[in-house]
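Biologist: Could you take a close look at one part of this protein for me, the tyrosines that sit together on the surface? I'm just starting out, so please walk me through the surroundings too.

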Amino acid sequence: MLKIKSGKSCCSTFTLFVFILFYFYYPIFLNCQENVVLLGQSYNTTTTTSIDIGSSDVSGTITTEIGLLSKLTYFDIRYSAVQGTIPTEIGCLSVLTHLKFYYNPKLNGSLP
């Protein structure tokens, strides 16, 4: 077995390196999605700033992945066929300044 100056074996040093890599960085990679699908459209999680599908025939539900759109500032789904419950993950959108939900009779819930 090879020894390094500190008296530790290369195997234990490598094991420690792998542990640190997976313990600290692997969860980041798991949560790092580049794109999410929302109401039938694909959006980039790091560059999407606006979603405007108001006054359209878009239907479906708002999924929890909306919380991953970290730069979303404008979200307009008024006069559409969106239905279901408003996900609490909308509360994670810290830079969201415009939110237009009105005239969606099948959309329910409260804003977080």
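Modeller: Here is a walk from the whole chain down to that group of tyrosines, with a look at the core along the way.

First, keep in mind that this is a predicted model. The protein chain has 112 residues, and 27% of them are buried. Its secondary structure comes to 1 helix and 9 strands. If you start at the N terminus, you meet the helix and then the strands, in the order α-β-β-β-β-β-β-β-β-β. Among contacts with a separation of 6 or more, 43% join residues that are 24 or more positions apart. The accessible surface adds up to about 7,700 Å², and carbon and sulfur atoms account for 60% of that.

Now for your spot. Tyr79, Tyr102 and Tyr103 make a nonpolar patch on the surface, and together they offer about 360 Å² of accessible area. Where do they come from along the chain? Tyrosine 79 lies in the loop between E5 and strand E6 (81–82), while tyrosine 103 lies in the loop between strand E8 (98–100) and strand E9 (107–108).

How open is each one, then? Tyrosine 103 has a relative accessible area of 55%, so it counts as exposed, because exposed means over 50%. Tyrosine 79 comes in at 42%, which makes it partly exposed. Tyrosine 102 is partly exposed as well, at 40%.

Tyrosine 79 has a quirk in its backbone, too: its phi is positive, about 55°, although the residue is not a glycine. You can find a positive phi of about 55° at leucine 39 as well, again not a glycine. That leucine sits in the loop between strand E1 (35–38) and strand E2 (41–44). Leucine 39 is buried, with a relative accessible area of 11%.

Next, the rings. To describe a pair of aromatic rings, you give the distance of the centres and the angle of the planes. A search of the whole structure turns up 4 aromatic pairs. One of them joins phenylalanine 75 and phenylalanine 101, with 6.0 Å from centre to centre and 80° between the planes, an edge-to-face arrangement. This pair ties together distant parts of the chain: phenylalanine 75 belongs to strand E5 (residues 74–76), phenylalanine 101 to the loop between E8 and E9, and they are 26 residues apart. Both phenylalanine 75 and phenylalanine 101 are buried.

Back at your patch, the ring centres of tyrosine 102 and tyrosine 103 are 5.6 Å apart and the planes meet at 75°, so this pair is edge-to-face. Ring pairs join Tyr79, Tyr102 and Tyr103 into a cluster. In other words, the tyrosines of the surface patch are also linked ring to ring.

Finally, a peek inside. The largest nonpolar core has 20 residues, and the ones touching the most other members are Leu38, Ile62, Ile66, Phe75 and Ile77. So Phe75, which you met in the pair with phenylalanine 101, is also one of these core residues. What does leucine 38 touch? Leaving out residues up to four places away in sequence, leucine 38 touches Tyr43, Ile51, Ile62, Thr63, Ile66, Leu69 and Phe75.

Notes:
Residues numbered from 1 in each chain as written. Predicted model: local features only at pLDDT ≥ 70, side-chain atom pairs only at ≥ 80, totals over all residues. Heavy atoms only, no water. Patch = residues over 30% accessible without salt bridge, like charges linked within 9 Å, V, L, I, M, F, W, Y side chains within 5 Å. Areas by Shrake-Rupley, 256 points an atom, 1.4 Å probe, with all protein chains shown as cover. Salt bridge = Lys/Arg side-chain N within 4 Å of Asp/Glu carboxyl O. Helix = DSSP H or I, 4+ residues; strand = E, 2+ residues; numbered from the N terminus. Buried < 20%, exposed > 50% of the residue type's maximum accessible area, 1.4 Å probe, protein only. Contact = heavy atoms within 4.5 Å. Core = buried A, V, L, I, M, F, W, Y, C linked by side-chain atoms within 4.5 Å. Phe/Tyr/Trp six-rings, centres within 6.5 Å; stacked < 30°, edge-to-face > 60°.
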